[in-house]
Amino acid sequence: MIDLSHRVSIVTGGGRGIGRTIALRLAEQGATVVVNDLAGSADAPKVVEEIEAKGRQAAFIPGDISVAEEASAVVERAVSTFGKVDILVNNAGITRDNLAIRMSDQDWDRVLSINLKGAFYCSRAVLRHMIRQRWGRLISIASIVGIVGNAGQANYAASKGGLIAMTKTLAQEVASRGVTANAVAPGFIETEMTQKLSPNVQEGLLKRIPLGYFGSVEDVANAVAFLASEEARYITGHVLNVNGGMAMI
Ligand code: NAP
């Protein structure tokens, strides 16, 4: 049984999708959860209510993590509200897909800013506290396409590949301080995004997945909960694939 009681966590982009499920899952394991999302998010306060209904502590701390000052303010507010941060889940991420020859500078920059720079800003801010307390878990939600690439997603694949390289680097920098850094690389997960794909595309994708079905948001949250736990203390710099066998790398 994973026990995260006495742990304080931050989940970026925790208002909906995979982030919401991770936030709920960490709370179920006992953690206090800071749900970060963009200011004005109608979803994030609902996640906080759901967590409080489970008898756990939670707070919505808004902030655009792609802005260094806002990312750092989220971390500082989390520390001043709950006294510390033990677990950071870099989950916030977006896509702006197009073939490279048609991709605008803006779409390249926006995806890199949120998916990669945002994760760096949050990690840098939180590491100061984790190093001091000599315990911490950095968990970044990457993607299978950050390893194998995907036509139409040069910006997204680059951001996720960068996230994996950053994870391995941070893991080396902070290992001696009791802090681990790992990534979770989901394959195709059943979300609003995958539900919008045509039946033909879905069928084609399913043929490429040995287990024969799309993953669920819970599958990703389970991997995160494990990496956040004491049981995962000897795992660092690792990329945990949650992809139904779609790529065995
Ligand atoms: P999602 O449903 O679009 O949720 C993303 C969340 O991040 C939203 O709540 C969004 O807020 C928030 N967000 C966006 N920009 C932000 C910013 N600058 N600062 C703070 N929060 C921000 O995405 P998802 O499908 O759950 O994906 C979550 C993560 O898993 C992403 O990193 C994604 O790349 C990764 N992933 C997903 C899949 C998949 O199949 N879905 C597969 C592999 C990897 P708003 O609601 O205001 O937009």
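In this predicted model, a salt bridge joins the side chains of Glu28 and Lys54, with N and O 3.0 Å apart. Glu28 belongs to helix H1, whereas Lys54 sits in the loop between H2 and strand S3 (58-60), so the contact ties together parts that are 26 residues apart in sequence. Glu28 counts as partly exposed because its relative accessibility is 40%, and Lys54 counts as partly exposed, also at 40%.

Helix H1 takes part in another such pair, formed by Arg20 and Glu50. Here the closest N and O atoms are 3.0 Å apart. Glu50 lies in helix H2 (residues 43-53) and Arg20 in helix H1, so that distant parts of the chain, 30 residues apart, are linked. With relative accessibilities of 31% for Glu50 and 29% for Arg20, the two residues count as partly exposed.

A further salt bridge is found between Arg110 and Asp64, at 3.5 Å from N to O. This pair again links distant parts of the chain, 46 residues apart: Arg110 is in helix H4 (residues 105-133), and Asp64 is in the loop between S3 and helix H3 (68-82). What is the burial state of Asp64? At 17% relative accessibility, Asp64 falls under the 20% cut-off and therefore counts as buried, while Arg110, at 33%, is partly exposed. Arg7, Lys84, Asp86 and Glu230 are linked in a network of salt bridges. Across the whole structure, the search finds six salt bridges.

Attention now turns to the ligand. It is surrounded by 24 residues, the closest being Arg16, Ile18, Asp37, Asn91 and Tyr156. Two of the polar approaches come from side chains: a polar atom of Arg16 lies 2.7 Å from a ligand oxygen, and a polar side-chain atom of Asp37 is likewise 2.7 Å from an oxygen atom of the ligand. The backbone contributes too, with a polar atom of Ile65 lying 3.2 Å from a ligand nitrogen. Of the 900 Å² that the ligand exposes when taken alone, the protein buries 87%. Helix H1 (17-28) and helix H6 (154-174) are the elements that give two or more residues to the surrounding shell. By residue class, the shell holds 11 nonpolar, nine polar and four charged residues.

On the protein surface, Ile147, Val148 and Ile249 make a nonpolar patch of about 270 Å². One of these residues, Ile249, is located in the segment after strand S7 (239-242). Ile249 counts as exposed because its relative accessibility is 57%, over the 50% cut-off.

Methods
Residues are numbered from 1 along each chain as its sequence is written. This is a predicted model: local features need pLDDT of at least 70, side-chain atom pairs count only at pLDDT 80 or more; totals for chains, interfaces and linings use all residues. Side-chain values use heavy atoms; hydrogens and water are left out. A residue is near a molecule or strand if one of its heavy atoms lies within 4 Å of it. A polar contact is a pair of N or O atoms within 3.5 Å; within protein, one must be able to donate a hydrogen and the other to accept it, and residues adjacent in sequence count only if both atoms are side-chain atoms. Accessible areas come from the Shrake-Rupley method with a 1.4 Å probe; for residues, only the protein chains shown count as cover. Helices (H or I, at least four residues) and strands (E, at least two) are DSSP runs, numbered from the N terminus. Ala, Val, Leu, Ile, Met, Phe, Trp, Tyr, Cys and Pro count as nonpolar, Asp, Glu, Lys and Arg as charged, and the others, Gly among them, as polar. Patches are made of residues with over 30% relative accessible area and no salt bridge: like charges are joined within 9 Å, nonpolar side chains (Val, Leu, Ile, Met, Phe, Trp, Tyr) within 5 Å. A salt bridge is a side-chain nitrogen of Lys or Arg within 4 Å of a carboxyl oxygen of Asp or Glu. Buried means under 20% relative accessible area, exposed over 50%, partly exposed in between (1.4 Å probe, protein chains only).
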